[in-house]
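Visitor: I would like to walk through this model with you, one question at a time. Shall we put it on the screen and begin with a charged side chain?

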Amino acid sequence: MELIILKDVVIIFALSVLVLLLFHKIKIPAILGFFLTGIVAGPQGLSLISEVQQVEILAEIGIIFLLFTIALEFSLEKFSQIKRQALIGGSLQLIFTFVIVFLISWSLGLGINTSIFTGFLISFSSTAIVLRLLQDRNEIDTPHGRTSLGILIFQDVAVVPIILLTPIISGNSISSQSILVLLLEGIGILIFTVIAAKWLVPSLLNHVASLKNRELFLLTTILICFGITWLTTLLGLSTALGAFLAGLIISNTKYAHQALGNVISFHDIFMSFFFVSIGMLLNVNFFFQNIVLILILTLGVVVIKSVTAGLATRFLGFPLRIMVIVGLILSQIGEFSFILSKVGIQYGLITLTVFQLFLSVSLLTMTLTPFLMAISHKTSELINKLPISSQLNPQTPLKPQFKLDDHLIIIGYGVNGKNVSMAALNSSIPYVVIEINPEMVTDKEEEHFIYGDATQEYVLRKAEIRKARIMVVAISDPVNTRRITELGKRIHPELYIIVRTRYIDEIKILKSLGADEVIPEEFETSVEIFSRVLDEYEVPQEEISQFITRLREENYGLFQRIIEYKKVNCDIQDHIPSSEIIMIKISEKSLIEGFKSDIEKKFNVKILSIVRNQEIYNHPPDNEILKKGDIITVSGLSENISELKNL
């Protein structure tokens, strides 16, 4: 028996490697490769696998690891960042999909219990496929990426109570005594979870971690996972609930990341068996005999899920463009639906024929996902041009209540957008922020916001783009960054456009679309790190500046504003042509020490701020004493600052 299962494992891995190599070249997710491996190697394909039941046992372990890792990654901090998308968007998407699928199933005569179960079965999307594709496309931090992630997190959590409710949905008679026992079990599990999360597990992991034995920590983590899963099965509850609770308990400790890093490899290995086992269940003959029905159902599922996810996104306040993209991203049936379907078969909620239909449609929707995501942006643009788009877009007044002329336009109000707007506000530079996420828009008088989609020409015109001097594009969406850059330059050719991007390889494309300057975070981060290293070694500031300038010129030939800033200079430079502002650290060997006012008089400069012990003191008083280790911001004539720097 051992040799037979070993042979089957070798066959699965060998086929998986070959299929994944092919899928990697054509950029199709690995999950679909595992499905194909199962189809080819399974009893409905070439019958290469002898011990199907043994493989299914490995698949069950994969389910345990899947739920365990999902719960491990579920932190309150991470959830709080997208809680609105998760709670509102996720619940609405689940409700909308459930209601529509339930009504259709019931009208087709499936029976009320089966219709309820089918509604839940179709509601879940694939976290594994969607997250991998969003990461590959660098869209995880975009509005549609964060919205999709929030909805997926809600689905991942919602699957656990739905699995628990499946016996009730099946219509199994439950006595009042059974309900009381179930209630007591639920209260007991809740109490155990709280006690374990607060005291037992943190204490155990703290003791194990103090021994600094990696193998012991790994085994302890797996023991907690399978131990709690086993306890829940003794109570008659599902392994899915036990694994999820185990992950949730550890996720609230400081060792959650270490635990996740230890088990993620096991998760990947055993989950591959899960997806392979699903592929082995597909009846190829049934698939081709019912291909027309399967294609119709697949189209129906994609349309229904796209519409329901889009509507949920609309209730979050996003415009039509984001609705369409999120809808297409979440249009597939997910891996949790496979887990739920097995429970449904166990309780007689779906027949084997219905299961084969479900399996065929699910695999097709998953296969379509990469292609739907690839065309999602163009599809959203086409739909946005239809007459119906005016009704579906948020009817928020776009006219700003402030005068705009020779102003700065900031696209996006993330970290970079906030910093730029803060600098503009402090410097009395007129500005307006265009933000697509309604959560980010404030109604403070000093903040100048336009809520809208900057990829739309009429939104840019509401921001008086023709009168603007500069536009800063500071969003995390590479596709729409290009579109906004091209659109802004086309409307106002004299507009100076500064674009933030993540990667150096985007520079050439953005420059060709009209960007005057492109700031790649990938490169600037390395420049900043190295400049601080040089500073700690007390390399003179002037040498550091020269090095950074040369480095930038050699790598992407931009940032000439460090040397000359003619096109975007401030009015003050017309009056003080040789002035500059620089930050200087007062080192241990420095001769600068004493009252701020004395140093200002001696060198004829102005000290604007002091950074001391990681705190910033703006406009320090004249009697402030400068100390070694301070970092001062100084303005004045170039020759005076040079004299000051020499000390």
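Visitor: Is Asp 630 buried or exposed?
Guide: Happy to start there, and please keep in mind that this is a predicted model. The cut-off for buried is under 20% relative accessible area. Asp 630 has 2% relative accessibility, so Asp 630 counts as buried.

Visitor: Which residue forms a salt bridge with Asp 630?
Guide: Asp 630 sits in the loop between strand 11 and strand 12 (631–637), and its partner lies in strand 9 (residues 606–612), so the pair ties together parts that are 18 residues apart in sequence. That partner counts as buried, at 13% relative accessibility. The closest N and O atoms are 2.7 Å apart, and the partner is Arg 612.

Visitor: Which residues are joined into one network by salt bridges that share partners?
Guide: A good one to trace on the screen. Salt bridges with shared partners make one network of Lys 596, Glu 600 and Asp 622.

Visitor: How far apart, N to O, are Lys 596 and Asp 622 in their salt bridge?
Guide: Lys 596 belongs to helix 27 (residues 596–603), while Asp 622 is in the loop between strand 10 (615–618) and strand 11 (625–626), so this pair ties together parts that are 26 residues apart in sequence. Lys 596 is buried, with a relative accessible area of 2%, whereas Asp 622 is partly exposed at 45%. Their side chains meet in a salt bridge with an N to O distance of 3.5 Å.

Visitor: In which helix do Glu 457 and Arg 461 both lie?
Guide: These two form a salt bridge, with the closest N and O atoms 2.7 Å apart. Glu 457 counts as partly exposed at 31% relative accessibility, and Arg 461 counts as partly exposed at 36%. The two are 4 residues apart, about one turn of the helix, and both lie in helix 21 (residues 457–462).

Visitor: How many salt bridges does the structure hold?
Guide: We have looked at several of them, including Glu 457 with Arg 461 and Arg 612 with Asp 630. For the structure, the number of salt bridges is 11.

Visitor: Which strand holds Lys 585?
Guide: Lys 585 is partly exposed, with a relative accessible area of 33%. Not counting residues up to four places away in sequence, Lys 585 touches Asp 535, Glu 536, Gly 629, Asp 630 and Ile 631. C-alpha to C-alpha, Lys 585 is 9.5 Å from Pro 540, although the two are 45 residues apart in sequence. Its place is in strand 7 (residues 579–585).

Visitor: Which helix gives the most to the largest nonpolar core?
Guide: The largest nonpolar core has 111 residues, and Phe 35, Leu 67, Phe 274 and Phe 338 have the most contacts inside it. With 12 residues, the top contributor to this core is helix 3 (residues 52–72).

Visitor: How many residues are in the other core that lies apart from it?
Guide: Look for Leu 460, Met 471, Val 499 and Ala 515, which are among its members. This separate core has 25 residues.

Visitor: Which helix gives the most to the nonpolar surface patch?
Guide: The patch covers about 1100 Å², and its residues include Trp 199, Trp 230 and Leu 234. Leu 234 is in helix 10 and counts as exposed, at 55% relative accessibility. Helix 9 (176–210) and helix 10 (214–234) each supply at least two residues. The most, 8 residues, comes from helix 9.

Visitor: In which helix is confidence lowest?
Guide: The protein chain averages a pLDDT of 81, and 87% of the residues score at least 70. Confidence is highest in helix 14 (residues 291–315), at 94, and lowest, at a mean of 43, in helix 26 (residues 572–575).

Visitor: Over which residues is the pLDDT below 50, with 32 contacts beyond near neighbours in sequence?
Guide: Where pLDDT is low, the predicted coordinates should not be read in detail. Those 32 contacts are therefore ones to treat with care. The stretch is residues 556–577.

Terms used:
Residues numbered from 1 in each chain as written. Predicted model: local features only at pLDDT ≥ 70, side-chain atom pairs only at ≥ 80, totals over all residues. Heavy atoms only, no water. Patch = residues over 30% accessible without salt bridge, like charges linked within 9 Å, V, L, I, M, F, W, Y side chains within 5 Å. Areas by Shrake-Rupley, 256 points an atom, 1.4 Å probe, with all protein chains shown as cover. Salt bridge = Lys/Arg side-chain N within 4 Å of Asp/Glu carboxyl O. Buried < 20%, exposed > 50% of the residue type's maximum accessible area, 1.4 Å probe, protein only. pLDDT = per-residue confidence, 0-100. Contact = heavy atoms within 4.5 Å. Core = buried A, V, L, I, M, F, W, Y, C linked by side-chain atoms within 4.5 Å.
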